[in-house]
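Hello,

Here is the structure we talked about handing over. Please open it alongside this note; what I found in it follows below.

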Amino acid sequence: MQYTEETLRTLSDCFKQTLAPDPEPRKVAEHFLKQSSEQPGYGIAILRLLSESSVDDQVRQSAAVNFKNHIKYRWSVPEDSPVVGAIQDGEKEQIKALIVGLMLNTPAKIQSQLSEALAIISNHDFPAKWPLLLPELVANLRSSSDLHVANGILSTANSIFKKFRYQYKTNELFTDLKYCLDTFAAPLLEVFQKNGQLIASQQDPAMLKTLFEGQRLCCRIFYSLNFQELPEFFENHMAEWMGEFHKYLTYSNPALNESNADKENVVDQLKAAICENINLYMEKNEEEFQGYLSQFAQDVWGLLMTVSLSPSHDRLATTAIKFLTTVSKSVHHGLFADGATLKQICESIVIPNVRLREEDEELFEMNHVEYIRRDMEGSDLDTRRRMACELVKGLSTHYREQVTAMFSAYIQEMLKDYAVNPAQNWKSKDCAIYLVVSLAPRQAGGSVGSDLVNVEQFFNSQIVPELQSPDINSLPLLKADSLKFMTTFRSQVPKAMALQLVVRFLVSESNVVHSYAASCIEKMLVLKDGKQPRYTGADLSPSLEQLLTNLFAALKLPESQENAYVMKCIMRVVSMADLHQYTSLCLAELARILGEVCKNPTNPSFNHYLFEAVAALVRKACGKDSNQVATFETLLFPVFQIVLEQDVTEFAPYVFQILAQLIESRRPPLPSVYIAMFPPLLTATLWQRSANVPALVRLLQAYLQNAPQEFSQASQLNPVLGVFEKLVGSRNTDHQGFYILNTVIENLSYETFAQYVPQIWGILFSRLQRERTLKFIKSLIIFMSLFAVKHGHSLLTDSINAVQPNLVFMILEQIWIPNLTYITGDMETKLCAVAATKLLTESPALLADGAGPLWGRLLNSVMTLLVRPEEERVEEEADIPDLDEVVGYTTTYAQLYNAGKKEEDPVKDVKDAKEHLAVSLARVSAQYPGKFGPLIQQYLDSANQAGLMQILSTHRVGLALCIIVRRSFDAAVSAYVLLGRVSFTAKKSDSGEPSERRYLSSCSGSEDVPNRRSLQFVWSSKTMDSPAIGGVVKNVCSRTLVPRWQGRLETEHKSKEGAVMG
């Protein structure tokens, strides 16, 4: 796209139209911009537009947002991404040359968008591909006298350096960090000190606010650069930094307060950032920081004594309390050892910050979602209540007895205060319950006790009366507290009364209360006593009607139409309960809700649990009675049709999974509606959305498994294999492609897909040559194994060799044998072991004379697969997902647990892979006596040899092996001792005709030998009368048979006279 005056006007008009309230011109403008963004030069054109001060600021701001998103999705585009119009290298260099200067000379709102875009570019290119960025920022920072420009530079640097807070320690990360420290650490200190001098001499509040914002940004950069470890520069200049920090923690200027009392002022923002910095040093650099600790402890203590309970001070209060918490857990906890100090902390800091404030009550009533998120979901790390309790836990690390005694007394005082006037002093009870719940030790299944109170007594005296109150809507905060207590200590609540206490609160008018009730029931239903579920379907039956009625009624209460906690509880109840006559009620309600939410999906959690509930209902009802499938289809198909026709992208993956469930629940043949639905499922647009792929694969598998005859024609199979080719070409989806291919192999006859086999091998081997990953190789081995067991090893080897002569040997040597041991999963391991066993014992190619080394190495891999634990043999390498799947907003695939595919064992006729190996080896060794002993000795490592002997012994089979005795016949015999009778076999080797002579000889008359078994020999005529033979027999009998009779000895000895083979 060339930037001209006409282009400027067109783009300006389009961005103006994107702000129009009328949807039609807005859609037209958005479509034009989308098409334009795919053209080269689009990013440069937008930057030129942003530089035009004559353009309306709203238009420029809209363009700045568009530019940021353009950079986000097109700066680095993976090869197999559906995104088109990636920014080319030449244009990238132009953008990098323009963006810094433009960012520093635009209004604040545009500057912030360009700063974000610059940070995105730096994540990909800085510093390796953009070495001039940091020097340019530093030069502008030092030369600019405009504080707004300086703050823009600091804001950009802050965005760039944030990566050092969250990334794992690697050599590359530390290389980048050192470069940034060498370039930016000194200028950062200069700016921080320079701003400090200006603050000391400045009186203008507006100028002071700008300076304090710059100091805050400097502190955030300080945090990023110090996060991984203490840099040398900062250690050498610690005194300067800490001196400035101390100055600001004690700074006060009423002129900088905000007119809105609930808004945090710039001084408090800076103090909070400093508290985070000194807390970081306390956590990671305690030894170097200890000289400053006492002073900062006093500063923070004094700060907390003056901080009000206003929301404007929340962040400062929480960061300051966090610093004291860190100190209380450290070796410097002695600062709090004095009893008076502990008491002052508890009474002046903890209790005031734990007590309920008006803001908390307002949040409870006006924004129940945020209240629940903070109070129940554990995302309240930034709240005063949570941090105050964390301080108590920190103090308890070294002063448990004193702290426990104090808070036990506080709780009793609060309860007495409540008892005096419950209507007026209910906040005291709220605080008491909050302390008991928050300070209880957490573990799976809920807390099991409390050091502060007797849980059972507290439950009976304080919680049960609240939950038995006739009015479920009175004092809703206490009702919510009581339900939270039940949830926390659910393992100790008596089973008989638990559900009865809670069910009626599902219809409470308070959104928080009925949400807590639903959450409590759901968590109780998954509770286990040991390995056994505490609650079963039978336990739900007495109250099932009221439970279901109240749950569905809760979803009709104001602002709870999409309550995720209620829907999750419905899902759990439907999964567990014996629904019987309530199936129709549940199906009708769920179908109604589906119809409503598909009009405008807004709550992903609610939607997921809704579809889980539907899937659970299908599984329980249709799984038991396939005649009910038609009823489900009647109610669900109209909704599914809306989802697919109106392209409700969030719901499509769920619909595909439930359709697969319905197909699997049906008896053949499939109705025509399913047959008609099949071709549209193969359209390319559906498969372009990554979230659809696993669900569509699941649906294709259901079709192929349950209606193989309908889809075995070439017209149907060809597009299915086209989908396979597309999926297997990408490392993100190759395993999904194999799922389709495996289903074809497993369910269709070879004649059906024989014409496609050369094409399939061509696709797989091309991908193998182009991009080889462990995931792909494992999937390939599983596919070849399935091919071998379903259609025979001959068809497998012949079809591979048809691609290239003897290619199967190359695949075995380079792919199959080295990677067989990486196979994981019980079913996959069994399949691959059985397939490899068939190759070892049935394939003429591997049993041929020249294939001995390959045979031995394959057996060694099979033994490793069967006898070694997974953790010893698997070194999984993670395949990194492409960026298009993890960057930005995209609909993600969410698998429905209740719609999971039931995996069937493809080799279910083989009960035990080890036994199958033992029996198969015994059979083939009898056909080729003496062939495999040397191979086993040479190619199996010692652990696998021992493992093989153990398997043979366990399954009471023996092999005709060859074990060489290297010295005289009288030497001790190296032998395998296996269960069974002793057998010596020797073939005549001194004449052209392979004749045999057999002699029976009884064993020695040792009393250690039970039942006096016979010993069978065959040897050559030359050695038949050799006295050495008697020595061998004598040695074998005396050294091996007598002490270890419960074995079968097979041995070979080679000499000039002949051979004794076993």
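Let me start with one helix. Of the 22 residues in α11, 16 are buried, so this helix is largely enclosed by the rest of the structure. Helix α11 covers residues 205-226. From its first C-alpha to its last it reaches 31 Å, close to the 32 Å expected at 1.5 Å a residue. Keep in mind that this is a predicted model.

Now the chain as a whole. The protein chain has 1062 residues, and 54% of them count as buried. Its secondary structure comes to 50 helices and eight strands. Take the contacts in the chain with a separation of 6 or more: 75% of them are between residues 24 or more positions apart. The accessible surface is about 47,700 Å². Carbon and sulfur atoms hold 50% of that surface.

Next, the charged pairs. Side chains of opposite charge can pair when their charged atoms come close. How many salt bridges does the structure hold? The count is 44. Three of them are described here.

Asp 375 and Lys 484 form one salt bridge, with the closest N and O atoms 3.0 Å apart. Asp 375 sits in helix α19 (residues 368-375) and Lys 484 in helix α23 (residues 476-488), so this pair ties together parts that are 109 residues apart in sequence. Are these two side chains on buried or exposed residues? Buried means under 20% relative accessible area. Asp 375 is at 12%, so it counts as buried. Lys 484 is at 11%, so it is buried as well.

Arg 767 pairs with Asp 734, and here the closest N and O atoms are 3.0 Å apart. This salt bridge links distant parts of the chain. Arg 767 is in helix α39 (residues 757-770), Asp 734 is in helix α37 (residues 734-747), and the two are 33 residues apart. Both ends are buried: Arg 767 has a relative accessibility of 1%, and Asp 734 has 0%.

Asp 849 and Lys 931 make a salt bridge at 3.6 Å, N to O. Asp 849 lies in the loop between α44 (844-847) and α45 (852-867), and Lys 931 in the loop between α47 (913-927) and α48 (933-939), so the pair ties together parts that are 82 residues apart in sequence. Asp 849 is exposed, at 73% relative accessibility. Lys 931 is partly exposed, at 21%.

There is also a network. Asp 314, Arg 357, Asp 360 and Arg 384 are joined into one by salt bridges that share partners.

Last, the backbone. Where are the cis peptide bonds to look at? One joins Phe 126 and Pro 127, with omega about 0°. Pro 127 is in the loop between α6 (108-125) and α7 (133-143). Another runs from Pro 668 to Pro 669, with omega near 0°. Pro 669 is in the loop between α32 (652-665) and α33 (672-677).

Two residues other than glycine have a positive phi. For Glu 559, phi is near 65°. Glu 559 is in the loop between α27 (544-554) and α28 (564-576), and it counts as exposed at 55% relative accessibility. For His 580, phi is about 50°. His 580 is in the loop between α28 and α29 (583-597), and it is exposed too, at 62%.

Best wishes

Note on methods: Residues are numbered from 1 along each chain as its sequence is written. This is a predicted model: local features need pLDDT of at least 70, side-chain atom pairs count only at pLDDT 80 or more; totals for chains, interfaces and linings use all residues. Side-chain values use heavy atoms; hydrogens and water are left out. A salt bridge is a side-chain nitrogen of Lys or Arg within 4 Å of a carboxyl oxygen of Asp or Glu. Helices (H or I, at least four residues) and strands (E, at least two) are DSSP runs, numbered from the N terminus. Buried means under 20% relative accessible area, exposed over 50%, partly exposed in between (1.4 Å probe, protein chains only). The expected span of a helix is 1.5 Å times one less than its number of residues. Contact means heavy atoms within 4.5 Å. Accessible areas come from the Shrake-Rupley method with a 1.4 Å probe; for residues, only the protein chains shown count as cover.
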